[in-house]
Amino acid sequence: TALPQSSISVSKEQRNKQEAVEIPSDDYDDDYDDDEDVPSQEKPEISDNALLGTTLLTKDYIEQARESEQVTLKCDVSNPTTNTIIIWYYNNKPIFQQLIRLIPDTRYERGPDFSLVIDNVQLTDEGVYSCQLLPNNMTVKIELQLLTPPRDVHIMHGSKTINDTIEMHQRDRKVVLLCSAGGHPTPLITWAYRGRHLDEENSRQLGIKLRKEFLEIHEVKSQHAGDYECMAQNGIGNPISQTVTVVVKGSPIIHKHSSYINTAIGENVEMVCLYDSNPEPRKIQWIRNDEIVQPVPAQTVITNDHHNHHNRTRLTIKNVQQKDLQAYYCKIENELGEAVSKTILGLTPGGAHLIHSNSSDGLLHTWWKIHSIQQISEMLVLYRGENTKYIPVTAEISSHDQNPDGYTWTIRKSIRLPEGEWFVTARARNTEGWSSAESLPHQFQIRDAMDNIQVASIGGSSGAHRTLSVGGLALLLLLVLPFVKTLAY
C-alpha cells in the first residue's frame, strides 16, 4: 500500500536530521558547495602553462657595446605558451612582432629565446629598446649605449659656435666659453692656454675660472689674448681637441720696461719697451723734454720689432753725454687709447734685485744683483718689522761680472731675525752716488727663530741686549758656532 506523499516527505526529513547528527559536517564540502558555480583560482590545471604564470623575467638595464660588435638584448620569459606574443620596439617604434621584422635593416634578428640581436652595431643604433610581453602586457626597457671615442668637439660662446677666432674687449665684465663633445663615456674636458695646461692654480693667476667644461674670464685683459685649446678624452680611442684664438681689443698695454738704467759717459745704452696693441698702434714714440726723439745717424736709433709674443720698440743712444742723462718716455697710441712708460738714464747704480733667498734657524740668507758700470763702493741691506723703521746692515760684494749692459755685482747677506714678519730691500753706492731702494720691499716670514735670543743691533748698530744665563750662553754658542765660518757680515 503506497504511503501518502506527506509521510514520505516526513520520513526523508527525519532521515536527513539523523544523518546530520551521525555524520560530522565537513567544512571543505560546505565551502565547495557554496562556491559550486564560481571557477576556481586556487587549483589551476597543471597542463595549462599560462595558468602556471607566464611572466617577463628581465628587468630594465643598460647594455654597452663598441662599434662593429654584435650585441644581444635580453628578453627572458618564463613559461611561455602558444599564446605568448613578443613585440620589440626601438625608441617606441615597433621593429619586430614575434619573428616578423618590421624594418628593412637586416642587421636586426629575433633570437629563439625572444632576445634581439643586432649585428655590426653602429652609433645610430643607440637608444632605448623595449620588449613587450602580451597578453600579459609586461615591458622591459634596455638602453643601448655605444662606447665611442670623443667626437664633435665644439667651443661655443653663448649660442654661437666658434670655429677660429673670437673678439673680446678689455674690461669686458665676463666672457664664458663652453666646450662640448660627444662620446661614451662622457668625455672629460680639459683646457690649455698658449700650449700650457690650465689647472686651478695657474688659471687663477691668469684671472680665469674653470668649471668642468666651462672656461670663464672675468674682466678681460690683454693677457687673455691667445690660443685656447679644449681637449676631450674618455679612455676610448685617442683624445681630440679644438682650438680658438681669442683676440682682445683695447688700449695699448706696456708689459715691460726699465724704470732706471745705469750708464756712463761715452757708453752706448738701449732702452726697451715691450707692449701689446690691438688694434694696431697708429703712433709709436719716444719722448724727451716734451719733444719727440728723432733718429739721428750714429747718435740715436729707434727699432720697432717683435720679441717673445710681444711688440717691441727700442731706443739706442750712442756715446752718451751729460745732456742725455734724463727721463725718456715710451708712448704707444691706438684708436682706443694710449699707454706711456718712463725710463731714467743715470750714473748711479741700478736698483737691487733679489735673485735668491732662504731662511733657517732664524737666519735670513739673501742674494742680490746690482748693475753698475762704475765701481760699487758700498752695499746696504735694509730690513724692518711690520711697524718699525728700516735698519741698515752693511753687506759685502761676493762677485762681479761684466755684461753687455755693464757690470753685474752680486751681493750676499745673512741676517739673524726674531720670529715674525719682515720687509727687506737693498741699495748700493758707486762713484756717482747711492741708488734708490726698491719701492716694493720683499716680505719674509721667519718662523723658526730662537725665542731666547733678541737681536737689537746688527752690523754695528747700537741697542739693548737680553742678559743670558750661563746655560743660555752655552746654548747660544752651540747654535752660533756652525755659522761662524759661513756667514758674511
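The legends below accompany an overview and several close-up views of a predicted model.

**Figure 1. Overview of the predicted protein model.**
The protein has 489 residues, of which 36% are buried. Its secondary structure consists of 5 helices and 36 strands. Among contacts with a separation of 6 or more, 61% join residues 24 or more positions apart. The exposed area of the protein is about 29,500 Å², and carbon and sulfur atoms contribute 49% of that area.

**Figure 2. Confidence along the chain, with two low-scoring stretches.**
The average pLDDT of the protein is 82, and 79% of the residues reach at least 70. Residues 1–51 have a pLDDT below 50, and this stretch makes 10 contacts in the model beyond near neighbours in sequence. Residues 449–489 also stay under 50. For residues 449–489 the model contains 46 contacts beyond four places in sequence.

**Figure 3. Surroundings of Cys-273 in strand E22.**
Strand E22 covers residues 269–278 and includes Cys-273. The relative accessible area of Cys-273 is 0%, under the 20% cut-off, so this residue is classed as buried. Outside its neighbours within four places in sequence, Cys-273 is in contact with Ile-254, Lys-256, Trp-286 and Asn-311, and also with Arg-312, Thr-313, Cys-330 and Ser-341. The view also includes Tyr-329, whose C-alpha is 9.6 Å from that of Cys-273. In sequence, Cys-273 and Tyr-329 are 56 residues apart.

**Figure 4. Salt bridge between Asp-324 and Arg-288.**
The protein has 15 salt bridges by the rule applied here. In the one shown, the side chains of Asp-324 and Arg-288 meet at 3.3 Å, N to O. This pair links distant parts of the chain, with the two positions 36 residues apart in sequence numbering. Asp-324 sits in the loop between strand E26 (310–317) and strand E27 (327–334), while Arg-288 belongs to strand E23 (residues 283–288). Asp-324 has a relative accessible area of 4% and is buried, whereas Arg-288, at 24%, is partly exposed. The two residues fall in separate classes because the limit for buried is under 20%.

**Figure 5. Salt-bridge network of Glu-270, Asp-305, Arg-312 and Arg-314.**
Salt bridges link these four residues, Glu-270, Asp-305, Arg-312 and Arg-314, in a network. One of its pairs is Asp-305 with Arg-314, whose side chains meet at 2.8 Å, N to O. Asp-305 is partly exposed at 22% relative accessibility, and Arg-314 is buried at 18%. Another member of the network, Arg-312, is in contact with Cys-273.

**Figure 6. Salt bridge between Lys-331 and Glu-338.**
The side chains of Lys-331 and Glu-338 meet at 3.7 Å, N to O. Glu-338 has a relative accessibility of 45% and counts as partly exposed.

**Figure 7. Cis peptide bonds at Pro-135 and Pro-185.**
Most peptide bonds are trans. The bond from Leu-134 to Pro-135 is cis, with omega near 5°. Pro-135 is in the loop between strand E10 (127–134) and strand E11 (138–157). The bond from His-184 to Pro-185 is likewise cis, with omega near 0°. Pro-185 is in the loop between strand E14 (174–184) and strand E15 (188–193).

**Figure 8. Positive phi at Asn-79 and Gln-98.**
Most residues other than glycine have a negative phi. Asn-79 has a positive phi, near 50°. The loop that holds Asn-79 runs between strand E4 (77–78) and strand E5 (85–90). At a relative accessible area of 35%, Asn-79 is partly exposed. Gln-98 also has a positive phi, near 55°. The loop between strand E6 (93–97) and strand E7 (100–101) contains Gln-98. Gln-98 is partly exposed, with a relative accessibility of 29%.

Definitions and conventions
Residues are numbered from 1 along each chain as its sequence is written. This is a predicted model: local features need pLDDT of at least 70, side-chain atom pairs count only at pLDDT 80 or more; totals for chains, interfaces and linings use all residues. Side-chain values use heavy atoms; hydrogens and water are left out. Helices (H or I, at least four residues) and strands (E, at least two) are DSSP runs, numbered from the N terminus. Buried means under 20% relative accessible area, exposed over 50%, partly exposed in between (1.4 Å probe, protein chains only). Contact means heavy atoms within 4.5 Å. Accessible areas come from the Shrake-Rupley method with a 1.4 Å probe; for residues, only the protein chains shown count as cover. pLDDT is the predictor's confidence in each residue, from 0 to 100.
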